[in-house]
Amino acid sequence: MTPVQAIIAKELRSYFVSPVVYVVGSVFLLIAGLLGYLYVVFAGAQAIQLMQMQGSAQLNLNDLVFRNLFASMRFILLIVLPILTMRLFAEERKLRTFEFLLTSPIGINEIVAGKFMSVFLVFLSLLGLTGLMPLMLALFSDFDWYPVLTGYLGLVLLGALFLSVGVLASALTENQIVAAFVSIGLLLVLWLLSGLGSLLGDTAIGQAVSYLSFMEHFDHLVRGLIDTKDLVYFVSSLALMLFLSHRVVDSARWK
Amino acid sequence: MIEVQQITKRYGQHTALDRISFSVAKGEVLAFLGPNGAGKTTTMRILTCFMPATEGTARVAGFDCAEQPLEVKRRIGYLPETPPVYQELTVTEYLQFVGRLRGLSGKVLTASIHREVERLGLGTVQRRLIGNLSRGYRQRVGLAQALLHDPPILILDEPTVGLDPKQIIEIRELIKNLAGSHSVILSTHILPEATAVCQRVVIISGGRIVAEDTPDQLSARLRQSEKISLILKAPAADTLSRLKSVQGVQNVFSGGDSGAFLLECELGRDVREEVARVAVTNGWGLLELKAISMTLEDVFLQLTRHEEGLTPDAVSASVESAGQPV
């Protein structure tokens, strides 16, 4: 077992012996499931209306259910994922195990990678459980799987970005609550940048500001568009956040 | 094994360490003695590559702490002030994690864990969550962690804190047994501990080394003379010279108007009877006469109280002033 694997295993163990994952996971799944159910019910109501008016109805579940669901999940993840990441470094600093970790014969990049991977795996398993929704809908209806899959790709990339921001926030402080709020704040700012961008209009600055926000990149994926530009955005911002976390952890030694 | 040269550490305006130099040979046990905030922990953090020094170089096992930290870390077992344990893991799980971080695996890992569990008496608690263990057990788990990969160098920050007397003796025995094959630096503010387990003592105060010697030699310096404290109600002008002329008295220091005197006498010679007689016959009003026993504790207190301008050479000077009635 390599040191990174050891860290992943240890972090997963810590996640699953504490109630955090269970509480956060249930809340996430409950809200996602409830929203999914509501969107399906709305779609059904619309179908009945159309049937009465036209005698037949072609329902587009992709538009009526999945796009709405993915858009809502964006917000749930913004609230939920910082709760998962807040303990990663803050707890180590509070409990004085930070010094132990940094005097172990491993690089800081291995520590950051291990911590990020562990929480990413937790997130993937939670997201995987929401996959039951499209699977169940597929039993009773017809829809296009392609945008659903790209939507899930979008959620995975978005989640990874949120988690990396959370890792950074957790490295900045030894208070977990502060870490959670800092990452929620940072993510909201990133979110609102897209609003600022459209306010600035179709200028170079406006486009640059919108590009910084994850909104349009995520929207493309939800609509079934896989654009290299969007993938580059997610991968590079993830790398930047992890790099910054590395620097912050490194600089924490100097104090 | 450990070579520290002119290390300075500043936190902003505050200087935590001021040009510290010392070295530890292979198999030697060195004690760092000093009050809280003297710089013990800072020195250890620099040696373990947790933090870099502002100036100066530290070399551990031939590797520079600033340039090859990974090589240094591989060769060090470090027990910080607070045992670095994860409460949600069991003792065995924790040691497995620690071993894997240090590149142990398979049978070697299992054997190492078994060895440390035996050595530190953790057999009965190895399946319990560390969060449910007492302070003493956590401290032992912390020690097991430091020893797990059998490092040639051990850095122990107050290893016996939180242990009961029996455990303290056991841990001291353990450290003594490690000497010879391991180089050990341990910090403590308990003097008997330093004398009990260490070959050399470094007394550190205010970020500076104020004395460095073997425990024996430090006490030998103290026993260069016997000291007597004398308080007189009405000392005369010739008191000082009269006292000096008492046979066996080598030196007399006056405490000024307070009527206090400090007498330094030949080793193994009790001059109290004679001094008392002289005082009474001259009518100086003898108020107090007592022998001062100098312990390492006194030197330590004295050395660390006078932070400024003390070098190892100044030890004997401050020992003298240590006897001055306050």
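In this predicted model, the largest nonpolar core comprises 135 residues, of which Ala31(B), Leu33(B), Tyr94(B), Ala144(B), Ile155(B) and Val202(B) touch the most other members. The largest share of this core, 15 residues, is contributed by helix H8 (residues 145–172) of chain A. A second core, separate from the one just described, consists of 13 residues and includes Ile228(B), Leu230(B), Leu262(B) and Leu263(B).

When neighbours within four places in sequence are left aside, Ala144(B) is found in contact with Leu95(B), Glu116(B), Val117(B), Leu120(B) and Leu122(B). Ala144(B) also takes part in the packing of two helices of chain B, since named here with their partners: Val91(B), Tyr94(B), Leu95(B) and Val98(B) of H3(B) meet Val141(B), Ala144(B) and Gln145(B) of H5(B). The axes of helix H3 (residues 91–101) of chain B and helix H5 (residues 135–147) of chain B come within 10 Å and cross at roughly 30°; with angles under 35 degrees counting as roughly parallel, H3(B) and H5(B) are therefore roughly parallel to each other. The crossing in which H3(B) passes H5(B) is right-handed, and the residues of this contact, sorted by class, are six nonpolar and one polar, with no charged residues.

Between the chains, 19 residues of chain A are in contact with 20 residues of chain B. On the side of chain A that touches chain B, the elements giving two or more residues are helix H1 (3–17) and helix H5 (98–102) of chain A, and the largest share, six residues, comes from H1(A). By class, this side of chain A holds nine nonpolar, five polar and five charged residues.

Terms used
Residues are numbered from 1 along each chain as its sequence is written. Chains are lettered from A and ligands numbered from 1 in the order in which they are written. This is a predicted model: local features need pLDDT of at least 70, side-chain atom pairs count only at pLDDT 80 or more; totals for chains, interfaces and linings use all residues. Two residues are in contact if their C-beta atoms, placed from the backbone, lie within 7 Å. Helices (H or I, at least four residues) and strands (E, at least two) are DSSP runs, numbered from the N terminus. Ala, Val, Leu, Ile, Met, Phe, Trp, Tyr, Cys and Pro count as nonpolar, Asp, Glu, Lys and Arg as charged, and the others, Gly among them, as polar. A nonpolar core is a set of buried Ala, Val, Leu, Ile, Met, Phe, Trp, Tyr and Cys residues joined through C-beta atoms within 7 Å. A residue is buried if 20 or more other C-beta atoms lie within 10 Å of its own, exposed if 12 or fewer, and partly exposed in between; C-beta atoms are placed from the backbone. Axes are lines fitted to C-alpha atoms, for helices over the stretch in contact, and angles run from 0 to 180 degrees between N-to-C directions. Angles under 35 degrees count as roughly parallel, over 145 as roughly antiparallel, 65 to 115 as roughly perpendicular and the rest as oblique. A crossing is left-handed if the near helix is turned anticlockwise from the far one by less than a right angle, and right-handed if clockwise.
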